[in-house]
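Let's take a look at how two chains meet and what sits around the place where they do. Have the structure open as you read.

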Amino acid sequence: MHSMIRWMLLVVLLVGFISPSPEAIAADIATHNSEVSEIAAESSTETTLIPAPQLKRSDYPNMGFSSRSVIWILAQLHLFFAAFVLAVPIFVLVIEFIGFKYKDDRYDDMAHEFMKISMTAYSITALFGGTLAFALFLLYPQFMAYMMRVFNAQTLVYAGLFFAESALLYIYYYGWNAMRYGDAKWAHLTIGLLLNAVGTTLLVVANSWSTFMMAPSGVNEVGAVTGSIWAIMKGPLWNPLNLHRVLANVAFGGAVVGAYAAYKFLSAKTAVEKAHYDWMGYTSNFIAILAFLPLPFAGYWLMAEIYAYSQQMGITAMGGILAWLFVVQAILIGTILLSANYYLWSGMSRCEGSERYTWMIKYIALVLILGFLIWVTPHTLILTPSEVATLGGSHHHTLGPLGLMPAKNIAVNLMLIFTFLSFQLYRRSDKIITVSWAKAGNALMVAIYVVAIVNIIFAGVYYGYFTNTVYKVGSSVMQVVSTLIVIVSGVVIDTLMFKNAKTLPSTWGKVTNFSQYALFALPVAFTWLMALMGYVRSSVRTHWHVYTVMKDNSPENYIPAIGYAGNMITIATVLFLLIIVFIFWIASLSNTKQVPEVNNASNC
Amino acid sequence: MKSLLENTTLVILGAFILTFLIFYGIDHFIMAMQGLPLNFDMTPAQ
């Protein structure tokens with residue numbers, strides 16, 4: 001039909017072209033324009049109104065193995081490495097800038113070393129990304145065809161960004177020493193900034209695919225594209241996921257390079273090496289914790305948006321089978337906080353002035369452990385009838401309330417506040433404050449801690465257990481803001497108070513070997529946590545490829561059982577950690593030089 | 001002013017009163033912003 005119209009148009013045009021009358025030419029052009037517009041409109045309508053395919057079981061290739069498991073492992077490993085290589089340049093740029101501003105080569109060397117670790121990881125990211133793409137097209141061809149139709153040319157933009165990312169990354173890393181001082185350093189920093197801009201854009205573009213699958217936008221109820229690519233990308237979950245992933249990636253990246261520093265510290269032969277890697281480990285832990293502290297709030301925002309988009313989806317995540325995974329999440333986050341705090345407490349032994357604060361450690365530990373225990377207390381227990389009879393009901397009369405969100409909100413916020421306290425004490429350990437208003441500043445800091453803690457407990461207990469649900473949910477914002485006030489005011493007050501402070505001697509490298517194991521615990525817990533919560537995020541779609549729009553009709557269109565999921569998560573975590581150990585080894589190998597063999601003949 | 005800042009009890013008391021008032025105001029503001037106003041004694045106004 002279209003080709004016929006086009007031929008007719010051509011004939012009309014030719015006839016018109018032969019005609020000498022200008023009026024006739026104008027009329028023909030007008031006719032042509034209107035017909036072309038009609039064709040374009042018809043063609044556009046046909047393209048945009050193609051619904052998502054309704055797949056049958058036979059549409060999925062049967063390869064003789066679990067397609068979902070293969071995609072699961074590949075996608076998870078790609079995500080781990082992508083998170084790492086996108087995060088490292090973010091904090092490397094900040095460290096490089098600090099080194100440049102304060103003219104301290106130690107920062108510059110450390111930033112360069114961080115980049116060295118991420119370089120090997122970069123090629124592994126690309127390898128897993130390519131393998132994942134092949135596997136997706138092979139195992140889920142119809143689904144991928146639909147995604148390609150929806151995202152269209154955006155996928156090519158993604159590929160283009162990947163080229164730009166690679167070029168900038170190589171220039172940034174290999175040009176480090178060539179652009180180390182003066183104006184050239186500004187050029188290097190600009191390249192680093194561009195690298196991060198491109199890297200973050202890559203991240204948010206890829207995030208739009210995940211969030212489209214969870215909460216599709218820019219398509220109608222049958223999945224036909226009705227909006228622009230921007231309408232498709234900016235779904236309700238896009239920005240919460242963007243924020244959550246950027247923060248989580250930085251925390252994860254910091255934890256992984258911290259493990260590298262610990263590995264190098266433990267294998268260091270000289271005191272200078274030990275001092276360098278001790279400092280590197282401290283910096284990595286600092287980055288990981290700084291990014292980790294606001295992470296629960298970003299997660300809270302994401303969950304709130306999930307509930308707002310679909311209450312059913314929210315309940316699947318937090319009220320159904322997946323709810324138990326939040327207990328596992330609590331264990332992993334508890335491990336992260338305890339490890340990070342333990343590392344800070346151990347690190348206080350580096351500073352002569354730390355004796356002033358060590359008495360507080362036992363109280364901080366007590367709060368962390370109590371918070372951890374409250375967080376892991378489940379609300380619903382799987383009980384036998386005799387256990388129910390012994391308990392006097394399905395919930396424990398004393399511990400039952402601790403299984404509810406208000407108690408957990410109190411626990412989480414207090415754990416974060418006390419982790420910040422550890423961090424603040426560590427920073428104060430080697431300082432003697434000299435400002436005239438030191439007493440008032442300290443009193444204000446103590447007051448902020450005390451009032452914030454009372455406010456968090458009051459909001460959790462009163463609104464959580466004695467008012468209606470809306471006030472209960474609303475009061476959690478009060479708690480979050482209280483925690484943020486402590487963190488922000490702590491940083492501001494300390495920065496002002498440290499002006500002209502006397503610095504006591506600190507000895508880098510003077511930490512126990514045992515403290516380094518805390519730096520190993522961090523990336524293990526972070527990796528496991530990311531795999532676990534990634535499973536929850538993906539599973540809330542239940543039997544949909546694209547929620548409410550494109551059904552999953554494959555043999556594995558159900559939420560996998562927790563035990564099976566636990567195995568998959570663990571396999572992905574162990575594989576990642578094994579490859580990371582390989583990367584550490586490769587990074588060390590580049591520093592190793594073979595000593596030339598002595599020629600015995602010439603010696604004689 | 002300088003002598004006031006040297007009195008430890010006054011400094012601590014002042015810091016606590018100031019912080020309490022700030023948190024009290026912030027709590028009211030946050031809840032009102034969400035359409036959940038509070039009474040003077042912090043009980044729900046709705």
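How many residues of chain B are in contact with chain A? In this predicted model, 16 residues of chain B are in contact with 17 residues of chain A. Helix H2 (residues 8-33) of chain B gives the largest share of the side that touches chain A, namely twelve residues. Sorted by type, that side of chain B looks like this:

| Type of residue | Residues on the side of chain B that touches chain A |
|---|---|
| Nonpolar | twelve residues |
| Polar | three residues |
| Charged | one residue |

As for the rest of chain B, there's a short inventory: two helices and zero strands. Of its 46 residues, 20% are buried.

Now over to chain A, and helix H18 (residues 469-497). With 29 residues at 1.5 Å a residue, H18 of chain A should span 42 Å, and its end C-alpha atoms are indeed 42 Å apart, so the two figures agree. Plenty of names turn up among the buried residues of H18(A), including A:Tyr471, A:Lys472, A:Gly474, A:Met478, A:Gln479 and A:Val486. What do these buried residues pack against? Their partners are helix H11 (295-309), helix H16 (405-429) and helix H17 (438-466) of chain A, together with H2 of chain B. That's the H2 which supplies twelve residues to the side of chain B touching chain A.

Finally, the core. The largest nonpolar core has 154 residues, and those with the most contacts inside it are A:Phe84, A:Ala251, A:Phe252 and A:Leu522. Leaving out residues up to four places away in sequence, A:Phe84 touches A:Ser118, A:Ala121, A:Phe252, A:Gly253 and A:Val256.

Key. Residues numbered from 1 in each chain as written. Chains lettered and ligands numbered in written order. Predicted model: local features only at pLDDT ≥ 70, side-chain atom pairs only at ≥ 80, totals over all residues. Contact = placed C-beta atoms within 7 Å. Helix = DSSP H or I, 4+ residues; strand = E, 2+ residues; numbered from the N terminus. Nonpolar A, V, L, I, M, F, W, Y, C, P; charged D, E, K, R; others polar. Expected span 1.5 Å × (residues − 1). Buried ≥ 20, exposed ≤ 12 C-beta atoms within 10 Å, placed from the backbone. Core = buried A, V, L, I, M, F, W, Y, C linked by C-beta atoms within 7 Å.
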